[in-house]
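This briefing goes through one protein chain, from overall build to single residues. Please look over the sequence and the structure before reading on.

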Amino acid sequence: MADTNMHPKTRTQAALAYMLALVLVIVGMVNATPAIPGWDSLWQDLLAAPNLRVRRFPYEWFYPIVFFWMMVIVVLSNPIRKRWEDRAPLWRGLGLALDIGLILAAGAISLTYLVEHEAVCLVDILTGERADLIARALKAEQDLALAMGLPMPTSVENPRCLNDTGPWLVLIVGLAVFVFLAFNAEVWGLSLVMVSILLALYAVGTVLIWYFFGADGMSKYLITPLGGEPRSLADGRLRVHDLLINQGSGLLGQFLHIMLNTVFPYVVLGALLTVSAGGRTLIKLAFLWTRHLRGGPAHAAIVASAMFGTTTGTPVVNVLGTGTLTIPMMVKRGFSKVYAGGVEAAASSGGQIMPPIMGIAAFVLASMTGVPYREVAIAAAIPALAYFFCMFLSVVFESRKLGLEPVRDLTPEMRLTGRDRIHLLQIFLPLALIVVLLLIPKDAIGCDPISRLLGAEIAQIGTSCRATDLPWIMQLLQNTAGDAGSVGWWAAILLAALLFLDPAFRAKPRLLIDALADAGVTISMLYLMFLAVSVIDISLNLTGLANFVALDILGWLKALDLASGTPIVFQFAALTVAMLLAVLLGMGMPAVPAYINAALLMGPLLVGLGIAHFTAHMFIFYFACASAITPPVAVASYAASTITRADPILTSFSAVRSGIVMFVIPFVFAFYPELLLIEAARLSPETTAGPVTYLPGYGPGVDWIALVALICRLSLALYLLASVFARFDLARLGTMACLARLTIALLLMSSLPFVPLVAFVVGLALIVLSRKQGVASRTT
């Protein structure tokens with residue numbers, strides 16, 4: 001809602017942004033509507049429009065319109081002119097120019113997209129030439145089919161547009177990209193934009209070097225050929241045309257597709273959760289569950305952040321949402337402000353890796369790897385549990401060191417009322433719905449007992465069966481199961497209904513409209529960020545830089561002949577470089593661009609070293625999430641320090657200490673991909689469209705005995721690691737004891753025969769010895 005104290009012009013602008021954002025969400029949710037049996041035909045019959053689309057609107061029209069719509073919302077809700085209103089008149093004028101420029105640039109890109117896209121050809125439609133062109137193309141295809149004796153075609157591929165923007169296309173796209181990056185620099189920060197600018201300048205520079213000097217004798221890093229000889233910059237028009245309309249890597253391509261069809265419902269879900277009463281009740285429940293533990297509120301912060309964070313997927317939002325309650329309680333309990341802030345920041349960052357929802361970056365990972373989101377969530381389960389298990393241990397050791405004892409008593413603020421239990425339904429029912437619908441495989445529906453009971457017609461063929469006629473409800477379930485976008489849509493609809501269980505919400509139903517409008521603004525701002533990421537993707541695809549770097553580093557590592565060519569050494573070196581790059585690129589920016597940047601640059605290298613494609617991306621994804629707590633620019637730690645008023649850098653180091661396993665577990669599943677559970681993590685990177693091949697030592701299915709043994713080794717290693725960083729178990733640990741524990745933790749993860757078994761026995765002995773020392777110190 002617009003502030004009544006605003007200037008009338010500003011208030012009108014805010015009201016307009018509010019309305020546009022609200023309508024955007026409504027239209028976006030209609031577009032994202034799952035495949036409900038009979039839904040399309042119902043509206044087509046009611047409106048007597050047999051070709052009406054009531055969901056999944058044609059992308060060639062929908063994407064450019066929505067893109068322009070979102071950029072208008074960005075300008076109205078976050079005008080640069082207002083951000084710079086305290087600056088000199090020249091700066092205010094420049095801010096106004098940027099605001100107008102973003103709208104004009106978005107309009108130009110959207111209009112050019114419609115003009116250039118072969119499925120639209122807007123100018124040809126307006127001139128009436130399009131229908132005639134398609135008719136002539138179809139006639140030519142039919143004549144050819146008749147002459148060759150082939151089946152008569154009834155349709156034809158979209159012919160190229162007769163009227164387009166010509167050479168102006170390059171200027172339009174170039175100026176628009178400049179404006180997009182300039183606006184991003186102010187809204188999302190220079191760190192995100194600098195990578196885009198450098199790679200865009202590199203792409204332009206290498207094209208010019210090729211044009212003026214040719215390709216003979218030139219380094220592949222210095223030239224980007226646009227065509228053959230004679231050299232002509234006009235050859236680049238097709239490249240620019242492709243980067244505009246390409247659905248894989250265009251400005252309005254895969255990232256807009258992910259946003260509108262997968263992420264959209266989850267952003268709406270997160271916005272609805274912010275106005276629900278379930279969030280605060282969830283924190284109360286976390287305190288109730290952890291009152292018997294020494295850490296008390298610190299453990300409650302971990303539990304609350306894990307459950308709340310998986311719904312928001314945003315560390316800063318999570319810190320501000322749960323930390324305002326948990327951090328003061330931790331300080332009151334006896335923890336230092338720095339430690340309390342670090343625990344909250346680390347736990348909140350873990351929400352990005354906690355199934356079932358995780359963060360937006362996880363949906364992007366699913367799209368870039370081609371692995372269904374359902375499997376991504378399954379793969380993230382054990383590493384996420386390991387992360388929060390290690391955090392729990394670190395709090396236990398810190399509590400012992402401080403001499404804290406459990407509260408145990410059930411204080412009045414911990415008691416759950418009947419209304420609290422109803423409020424918890426707003427959290428747990430949508431999450432349960434997401435888990436169930438994501439985990440149910442589509443092919444399991446039809447031959448199940450429920451479908452049979454409801455009257456499904458089953459065709460039994462040998463040991464397999466096929467459902468030929470499913471009941472309506474089972475068709476709906478089959479259409480939704482495993483589809484992340486559809487699952488999120490139903491969860492958001494369910495939560496919107498559950499909100500009205502709260503009397504306070506029923507008294508202010510306007511909160512629902514406000515939440516939806518906030519979701520529209522959030523979605524628009526997110527896609528502004530994706531524009532900068534798209535420039536990176538386009539530049540790397542144009543120049544081939546990522547492949548060049550991957551091949552050369554791979555060749556350099558092999559030329560070193562480390563450990564007589566042991567591939568593990570190469571893999572560890574490459575994984576370390578990928579880790580550093582992901583953390584470096586993630587400083588000061590969200591996990592999405594951090595992950596995409598590092599994945600585009602380092603993904604080919606890791607795959608070239610024999611790591612499964614999915615595992616390589618999962619590795620990079622983890623460190624992109626870890627950048628939120630990594631100093632010097634740790635956004636989650638900085639958010640926590642605004643609550644504690646403690647030093648943000650010290651808070652960042654404390655967060656790293658509490659969440660150290662986030663920097664360890666990716667190396668573990670890189671070398672032990674069975675920890676990720678899914679088949680995609682065990683596939684050989686050489687697997688193509690042909691027969692499926694697996695990494696050496698792996699095959700179809702999970703070896704559960706080996707997996708349980710690995711989890712036992714990992715659990716002991718994490719216990720030892722957490723105690724090392726706390727420098728405490730049941731008694732204070734000296735330097736030599738810490739070094740011994742750290743060595744044993746590393747040996748537990750060794751792949752050498754018998755070494756992990758010996759390390760396991762020694763590790764248990766160290767814990768027993770520490771307990772005896774602790775008992776002795778307490779008796780004395």
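Helices and strands are DSSP runs, a helix having at least four residues and a strand at least two, with numbering from the N terminus. On that basis the chain has 33 helices and 2 strands. Its radius of gyration is 28 Å, close to the 28 Å that the globule rule gives for 780 residues, so the chain is as compact as a globular protein of that length. The model is predicted.

**Overall build**
- Along the principal axes, the C-alpha atoms of the chain fill a box of roughly 95 × 80 × 70 Å.
- Of the 780 residues in the chain, 51% are buried.
- Among contacts with a separation of 6 or more, 74% are between residues 24 or more positions apart.

**Surface and charge**
- About 34,300 Å² of the chain is exposed, and carbon and sulfur atoms supply 68% of this area.
- The chain carries 49 positive and 45 negative charges, and the mean positions of the two sets are 15 Å apart.

**Nonpolar cores**
- The largest nonpolar core has 218 residues, and Phe614 and Phe619 have the most contacts inside it.
- Helix H23 (residues 510-543) gives the most to this core, with 19 residues.
- Leaving aside neighbours within four places in sequence, Phe619 is in contact with Leu575, Ala578, Met579 and Leu606, and also with Pro666, Phe667, Phe669 and Ala670.
- Another core, of 5 residues, lies apart from the largest one; among its residues are Ala456, Leu470, Met474 and Ala481.

**Helix H10**
- Helix H10 (residues 236-245) is largely enclosed by the rest of the structure, because 7 of its 10 residues are buried.
- The buried residues of H10 are Gly236, Arg237, Val240, His241, Leu243, Leu244 and Ile245.
- Their cover includes helix H5 (89-116), helix H8 (168-187) and H23.
- H23 thus appears twice here: it is part of the cover of H10, and it gives 19 residues to the largest nonpolar core.

**Ser399**
- Ser399 is found in helix H17 (residues 373-402).
- Ser399 counts as buried because its relative accessibility is 0%, and the cut-off for buried is under 20%.
- Not counting residues up to four places away in sequence, Ser399 touches Arg294, Gly295, Phe335 and Leu404.

Technical notes: Residues are numbered from 1 along each chain as its sequence is written. This is a predicted model: local features need pLDDT of at least 70, side-chain atom pairs count only at pLDDT 80 or more; totals for chains, interfaces and linings use all residues. Side-chain values use heavy atoms; hydrogens and water are left out. Buried means under 20% relative accessible area, exposed over 50%, partly exposed in between (1.4 Å probe, protein chains only). Contact means heavy atoms within 4.5 Å. A nonpolar core is a set of buried Ala, Val, Leu, Ile, Met, Phe, Trp, Tyr and Cys residues joined through side-chain atoms within 4.5 Å. The radius of gyration is taken over C-alpha atoms; the globule rule is 2.2 Å times the number of residues to the power 0.38. Accessible areas come from the Shrake-Rupley method with a 1.4 Å probe; for residues, only the protein chains shown count as cover. Lys and Arg count as positive and Asp and Glu as negative; His and the chain ends are not counted. The place of a charge is taken as NZ of Lys, CZ of Arg, CG of Asp or CD of Glu.
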